[in-house]
Amino acid sequence: MITTIAFLKARAGMSRDEFVDHYENHHVPLVLSIASGPFYYARNYLPPTDERGFPAEFDAITQMRFADAATRRTWLSLVLAPGSGIAEDEERFLDRSRTRSWIVDERLSGEAAPGR
């Protein structure tokens, strides 16, 4: 299993509600229409600044899990291909210069752990 984590920042001037709405109702369907998605694709949104009490360098953490590295590479080649529309859509709701993404070494405990 290959797990990728991405830290995403909303475009300046966009409210949290606008950001979440665009991501969930426009971007995710676009991504999933281009290529069969990762088998796990979660978006985790920080509370608004006034509720959390401090600024953050990101507004959402996205987690994706793929069966293996080859599956991830194939998926990326499709969604990041010129003309896919992904980059153009991201310009509508993200500050792409602040996006950070890594492959991580995920360890599971509890009910989610393998063999449970």
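Is Phe7 buried, exposed or partly exposed? Keep in mind that you're looking at a predicted model. Phe7 has a relative accessible area of 22%, and buried would mean under 20%, so Phe7 counts as partly exposed.

Let's stay with Phe7 for a moment and talk about rings. A pair of aromatic rings is described by the distance of the centres and the angle of the planes. In this model, the count of aromatic pairs comes to 8. One of them joins Phe7 to Trp102: the centres are 5.5 Å apart, the planes meet at 75°, and the pair is edge-to-face. Look at where these two sit in the chain. Phe7 belongs to strand 1 (residues 2-8) and Trp102 to strand 4 (residues 100-104), so the pair links distant parts of the chain, 95 residues apart. Trp102 is partly exposed too, with a relative accessible area of 45%.

Now find another pair, Tyr23 and Phe93. Their ring centres are 5.3 Å apart and the planes are at 45°, so this pair is tilted. Tyr23 sits in helix 1 (residues 16-34) while Phe93 sits in helix 4 (residues 86-93), so the pair ties together parts that are 70 residues apart in sequence. How much of each is covered? Tyr23 is buried, at a relative accessible area of 3%, and Phe93 is buried as well, at 0%. These two also have company: Phe19, Tyr23, Tyr45 and Phe93 form one aromatic cluster.

Phe93 is a handy way into helix 4. Which residues of helix 4 are buried? They are Ile86, Asp89, Glu90 and Phe93. If you look down the axis of helix 4, the buried residues fall within an arc of 105°, so they line one face of the helix. What do they pack against? The buried residues of helix 4 pack against helix 1 and helix 3 (69-79).

Helix 3 is worth a stop of its own, and Leu78 is a good residue to pick there. Leu78 has 40% relative accessibility, so it counts as partly exposed. Setting aside neighbours within four places in sequence, Leu78 is in contact with Ile34, Ala35 and Ser84. You can also check Leu78 against Val31: they are 47 residues apart along the chain, yet their C-alpha atoms are separated by 9.4 Å.

Next, the strands. Strand 3 (residues 60-66) is mostly covered, with 6 of its 7 residues buried. Which way do its partners run? Strand 1 pairs with strand 3 in the antiparallel sense, over 7 bridges. To trace this pairing on the model, start at Ile2, whose bridge partner in strand 3 is Phe66. Strand 2 (residues 40-45) also runs antiparallel to strand 3, and 6 bridges join them. Here you can start from Tyr41, whose bridge partner in strand 3 is Met64.

Tyr41 brings us back to rings, this time with a charged side chain. Arg43 lies over the face of Tyr41, at 4.6 Å from the ring centre. A similar arrangement turns up with Arg52, which lies over the face of Phe54 at 5.9 Å from the ring centre.

Key: Residues numbered from 1 in each chain as written. Predicted model: local features only at pLDDT ≥ 70, side-chain atom pairs only at ≥ 80, totals over all residues. Heavy atoms only, no water. Phe/Tyr/Trp six-rings, centres within 6.5 Å; stacked < 30°, edge-to-face > 60°. Helix = DSSP H or I, 4+ residues; strand = E, 2+ residues; numbered from the N terminus. Buried < 20%, exposed > 50% of the residue type's maximum accessible area, 1.4 Å probe, protein only. Lys NZ or Arg CZ within 6 Å of the ring centre and 35° of its normal. Pairing = 2+ DSSP bridges. Arc of directions from axis to C-beta. Contact = heavy atoms within 4.5 Å.
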